[in-house]
2 protein chains.
Amino acid sequence: MKVTIKDVAELAGVSFKTVSRVVNGEVGVKSEMREKVQTAIEKLNYHPNLSARRLRGKSATIGFIYNNPNSNYVITMLHGILAAARKNSYELVVHPCENVSDPSLVFDEILSLTRRSMVAGLVLTPPISENPEIIKKLDDAGITFSRIVSGSVAPDDVQRTIFIDDRKAAYQITEHLIKRNHKRICFLNGDPEHLSSGERLEGYKAALRDYDIAVADELILDGHYTFESGVERAKQIMDIDEAPTAVFACNDEIAAGALFAARMNDVQVPEQLSIVGFEDSPFSRQTWPSLTTAKQPNDKIASHATELLIGMLEGDDDSDSYDDHSYLPEMIVRESSADMTS
Amino acid sequence: MKVTIKDVAELAGVSFKTVSRVVNGEVGVKSEMREKVQTAIEKLNYHPNLSARRLRGKSATIGFIYNNPNSNYVITMLHGILAAARKNSYELVVHPCENVSDPSLVFDEILSLTRRSMVAGLVLTPPISENPEIIKKLDDAGITFSRIVSGSVAPDDVQRTIFIDDRKAAYQITEHLIKRNHKRICFLNGDPEHLSSGERLEGYKAALRDYDIAVADELILDGHYTFESGVERAKQIMDIDEAPTAVFACNDEIAAGALFAARMNDVQVPEQLSIVGFEDSPFSRQTWPSLTTAKQPNDKIASHATELLIGMLEGDDDSDSYDDHSYLPEMIVRESSADMTS
DNA sequence: AAATCGGATGACAACGTTGTCAATTATCAA
DNA sequence: TTGATAATTGACAACGTTGTCATCCGATTT
């Protein structure tokens, strides 16, 4: 019942070593043989046994470590990583990390995982990927990984990093608001341990400066990437004397919270207040009104990060050096942002 | 750098087979030997190579197969399964299934996964877990699995099944509406290939009957477990002559869609229309108004299903036979449902 | 036509583990 | 003490794959 390389060999009438060659795309197999083997593989629906490969030292397992309460984000990343892993016949071990507050505990968790599951390399996402202490410990321990981070300039370890230009995307969103005649734009920040929050804030500030609008400290509020944070902070800004006409929420959850607060205060969106988010979460098109936001192709990003990792693991030095590792989230204009006429 | 069983054997001065015995806790090893081996293991920090074990057929890997677009559902399940798997030192292979429309393709996918990754058993969730064709094929192929299904009576394969009493929960929710004086209650159904939709519909009907309210066919609408379905169907019902005063949406997504449609039509919720959902998705408390719904402890359910599977794999016949495999979703009353005074 | 070469193919070992069975040692009864 | 039996230990094969090297065959060179 279990199809092995030898079954394929028998059906194709060749030695199992030849099948191995075909499967691994090695050179020096006559096309006639190759074809025979291919059809036998398809006929039997043969898939190489990963354990045997691993044992032989060829293939391996990738670990996906994450600590992110946003399930949509995690699932999208997961699927991107899985796609790349499967394509390259890697297995995936998934590991949600609990103690994100203490970097050294996170590191211990990772270490124990790599030991236990024989993980060859890791794919890291924010906020773990952006924690310098964890990164240093991983490097010291000689653990191979690729990572996804938020950043506007190429990091010094480009070859293992995908960076997302949140700053530029935030600039564009802010510009979008400015061009719609908004002058008092409030910024609701996300978690401080995520670089994305700082980057998005910088993009916001840069846009204001370029359009000669003063950056007002009272319009920039700390917070977290949660709905609750959005509600709370949005309530606060509505009490400000000269109320803002637009809100730049650091992600869609915050934006949804702000929308909620606006409704509670009988503030019309977008007529009296424009609200924009960031992330293009599925629910961003289901809010009322639907959210203007910025879309990150997270599955592609995750696949790319995984390919990067696999390249490192297999020692293809050249495989990727000319690739662009930067992604720019794309602005999506929906109904929550409008012209400010008054 | 890699420590194998033979290194341990050499240091302890025994054959590597004896080390294997100690590692696996087999009987028939003198305590003196056992101790020598133990200290050698600790000294070298030896960990068995999982690939070799799996290759030899001693797999400690379980597979989580799913096909469900609801990322929150999947993540919660995943975490529940992971917790139980880790507790019993099993590895987990995650496999999102693409071709759900064709059961035999799904089966092929599963089969190839179990082969390739030497998966010892599976945890299945709806809708795959509820597809008789897939279940039969798995049984025929001798694949071990546990599953989570929707059902009001104990299925005939209880020992490997967790069932969720959607019917009773739906009854309670409907009763909740009836007691608030609603007589014309609309039912927006979910995907037909999920048993949960049928079960919830039955619960709804049973409650109506028990309270002597006629079941009106024009108030029961087919659909899917999506926001869009909710919007569309809710629009339809608002055109009905004698408009319903309440909507029972088969899940929170549909309910959110209905909420959306109500708002588009300037229908006040809950003053003019009560809307209830099902699932207690995170966003159900973030809608406006927040949704009355029913909460399933999905992480616990998933853990339980995993424990069940592991019990089967390890042949602990008695481990679980007195457990209750049934879960009743708990009604959570929020703001989207209210008395009908008119 | 014989010798040589190179490309294609196959035989076999190895990876680290567990299962099977044989060999050895300890234990017990007669 | 001796033989029989039980307990312990070890030798070796096997799992499915890849790497190494030998073999084969056809083509090219002399």
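## A walk from the chain A sheet to the DNA

Start by selecting Leu188(A): its bridge partner, in strand E7(A), is Leu221(A). Helices and strands here are DSSP runs numbered from the N terminus (helices are H or I with at least four residues, strands are E with at least two).

Before you click on: this is a predicted model, where local features need pLDDT of at least 70 and side-chain atom pairs count only at pLDDT 80 or more, while totals for chains, interfaces and linings use all residues. Residues are numbered from 1 along each chain as its sequence is written, chains are lettered from A and ligands numbered from 1 in the order in which they are written, and side-chain values use heavy atoms, leaving out hydrogens and water.

**Stop 1: the chain A sheet**

Widen the selection to E6(A), residues 185-188, which runs parallel to E7(A) and is joined to it by two bridges. Two strands count as paired when DSSP finds at least two bridges between them. Zoom out and you get an open four-stranded sheet with parallel pairing, in the order E7-E6-E8-E9 of chain A. Its edges are E7 (220-221) and E9 (274-276) of chain A, each pairing on one side only. Now add helix H8(A), residues 166-179: it packs on the sheet, touching E6, E8 (246-249) and E9 of chain A, and its direction makes about 170° with that of E8(A). Contact means heavy atoms within 4.5 Å; axes are lines fitted to C-alpha atoms, for helices over the stretch in contact, and angles run from 0 to 180 degrees between N-to-C directions. Helix H10(A), residues 227-238, lies across E6, E7 and E8 of chain A, at about 150° to E6(A).

**Stop 2: hop to chain B**

Pick Ile185(B), which stands opposite Ala246(B) in E8(B). Helix H11(B), residues 252-264, packs on the sheet there, touching E6, E8 and E9 of chain B, with its direction at about 160° to that of E9(B).

How many residues of each chain touch across the A/B interface? Show 41 in chain A and 37 in chain B. Together the chains bury about 3,700 Å², 60% of it on carbon and sulfur atoms. Highlight Arg86(A), Gln286(A) and Trp288(A), which supply 17% of the area that chain A buries against chain B, more than any other three residues. Buried area is the accessible area (1.4 Å probe) that two parts lose on being put together, summed over both.

**Stop 3: DNA strand C**

Select the 27 residues around strand C; Thr18(A), Arg21(A), Met33(A), Ile5(B) and Tyr46(B) come nearest. Near means that a heavy atom of the residue lies within 4 Å of the strand. H2(A) gives the most to this surface, four residues.

For polar contacts (pairs of N or O atoms within 3.5 Å; within protein, one must be able to donate a hydrogen and the other to accept it, and residues adjacent in sequence count only if both atoms are side-chain atoms), try these:

- Lys17(B): a side-chain N or O atom 2.7 Å from a base nitrogen of strand C.
- Tyr46(B): a side-chain N or O atom 2.6 Å from a phosphate oxygen of strand C.

**Stop 4: DNA strand D**

Which side chain puts an N or O atom 3.0 Å from a base oxygen of strand D? That's Arg56(A). Turn to strand C, and Arg56(A) has a side-chain N or O atom 2.9 Å from a base nitrogen. Back on strand D, Arg53(A) places a polar side-chain atom 2.9 Å from a phosphate oxygen. Finish on H2(B), which gives the most to the surface near strand D, with four residues.
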